[in-house]
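Biologist: Can you pull up the model so we can go through it? I have a few short questions.
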Amino acid sequence: MNNHLDVAALQQQAKTQQEIETAITRIFAIEDDGLQHALAAAKNAGLPEIQISPIQGKLLQLLAVACNAHKILEIGSLAGYSGIWLAHGLRSGGRMITLEINPKHAEVVQDSFARAGVADRAEVRVGKALDLLPLLAEESPFDLVFIDADKPSYPQYLEWALQLTRLGGIIVADNCIRSGLALREKADDDAYMAGLIEYNKRVSSNPRLVSLALAMDENYTDGFTIAVVQSEAKGD
Ligand code: SAH
Ligand code: DHB
Ligand code: MG
């Protein structure tokens, strides 16, 4: 009997990254009716198909559960897809607030939250995030903040997230890899990439945070930067 590892045979069965993503999704990140409806509603309304992947959604839910989330803040709702995953991670009696600049998007979100059965705990607020964030102090601290709106503002969103998140809370931002372009030293006149680069620099060098960028899209070219708040701000 041959019981050594047959590397050649295993390599023949090896899957591409996309096949691995599909297999993980099938086992771990199954979309329920509410999530499927949110995707269909987004498509019907002609919204851009830029929501997170099911694996990213499941990771948001997992992180929310890991920090026993009672209050969640999302910046950039689109059609409510990521918001539904987050709402599924709230503990009983918890609440999620999501900020969205586009009233047409917000209407789809409201409908999708209702269809997904989370409208009792998930609320969309319409406006520019940088106008709405200063009004959230009274409702803070949040256990988890998910940043996924306009990229040039990411560094400002980080400053707000740091103010609004509790010790042990988690700050997640989408699109922080962008095929490695968001991990460069400089952005050459591109406000979109400059925002992402600055975000990654600030998060990784902040002594209050433990952080990591994780490639997790179909081809492992984009993903979240995840940061956990490990210590209080100086002076607190
Ligand atoms: N989180 C969503 C995708 C968000 S796409 C998901 O994964 O399902 C980005 C969203 O941010 C868009 O709906 C866009 O209208 C919104 N947005 C862009 N700039 C914004 C701003 N300044 N304030 C609030 N929302 C903004
Ligand atoms: C874009 C924005 C996103 O949040 C995303 O996940 C993908 C693409 C964009 O601005 O093109
Ligand atoms: Mg995104």
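Modeller: Here is the model, which is predicted, and we can take cysteines, helices and the ligand in turn.

Biologist: How many disulfides does the structure hold?

Modeller: Zero. A disulfide is a covalent bond between the sulfur atoms of two cysteines.

Biologist: Why is Cys-176 not bonded to Cys-67?

Modeller: The sulfur of Cys-176 has its closest cysteine sulfur in Cys-67, but that is 18 Å away, so it is too far for a bond. A disulfide needs the two sulfur atoms within 2.5 Å.

Biologist: Is Cys-67 buried or exposed? And Cys-176, buried or exposed?

Modeller: Cys-67 has a relative accessible area of 7%, so it is buried. Cys-176 is buried too, at 0% relative accessibility. The cut-off for buried is under 20%.

Biologist: Changing topic. At what angle do helix α8 and helix α9 cross?

Modeller: Roughly 35°, with the axes coming within 8 Å. Helix α8 covers residues 154-164, and helix α9 covers residues 191-205.

Biologist: Which residues make that contact?

Modeller: From α8, they are Tyr-154, Pro-155, Leu-158 and Glu-159. The α9 side includes Leu-196, Tyr-199 and Arg-202. By class, the contact has six nonpolar, one polar and three charged residues.

Biologist: Now the ligand. What surrounds ligand 1?

Modeller: There are 21 residues around ligand 1, and the closest include Ser-82, Glu-100 and His-105.

Biologist: What does Ser-82 do there, in terms of distance?

Modeller: A polar side-chain atom of Ser-82 is 2.8 Å from a nitrogen atom of ligand 1. In the side chain of Asp-150, an N or O atom lies 3.2 Å from a nitrogen atom of the ligand. For Leu-78 a polar backbone atom is involved, 3.3 Å from an oxygen atom of ligand 1.

Key. Residues numbered from 1 in each chain as written. Chains lettered and ligands numbered in written order. Predicted model: local features only at pLDDT ≥ 70, side-chain atom pairs only at ≥ 80, totals over all residues. Heavy atoms only, no water. Buried < 20%, exposed > 50% of the residue type's maximum accessible area, 1.4 Å probe, protein only. Axes fitted to C-alpha atoms, helices over the stretch in contact; angles between N-to-C directions. Helix = DSSP H or I, 4+ residues; strand = E, 2+ residues; numbered from the N terminus. Contact = heavy atoms within 4.5 Å. Nonpolar A, V, L, I, M, F, W, Y, C, P; charged D, E, K, R; others polar. Near = heavy atom within 4 Å. Polar contact = N/O pair within 3.5 Å; in protein donor to acceptor, adjacent residues only side chain to side chain.
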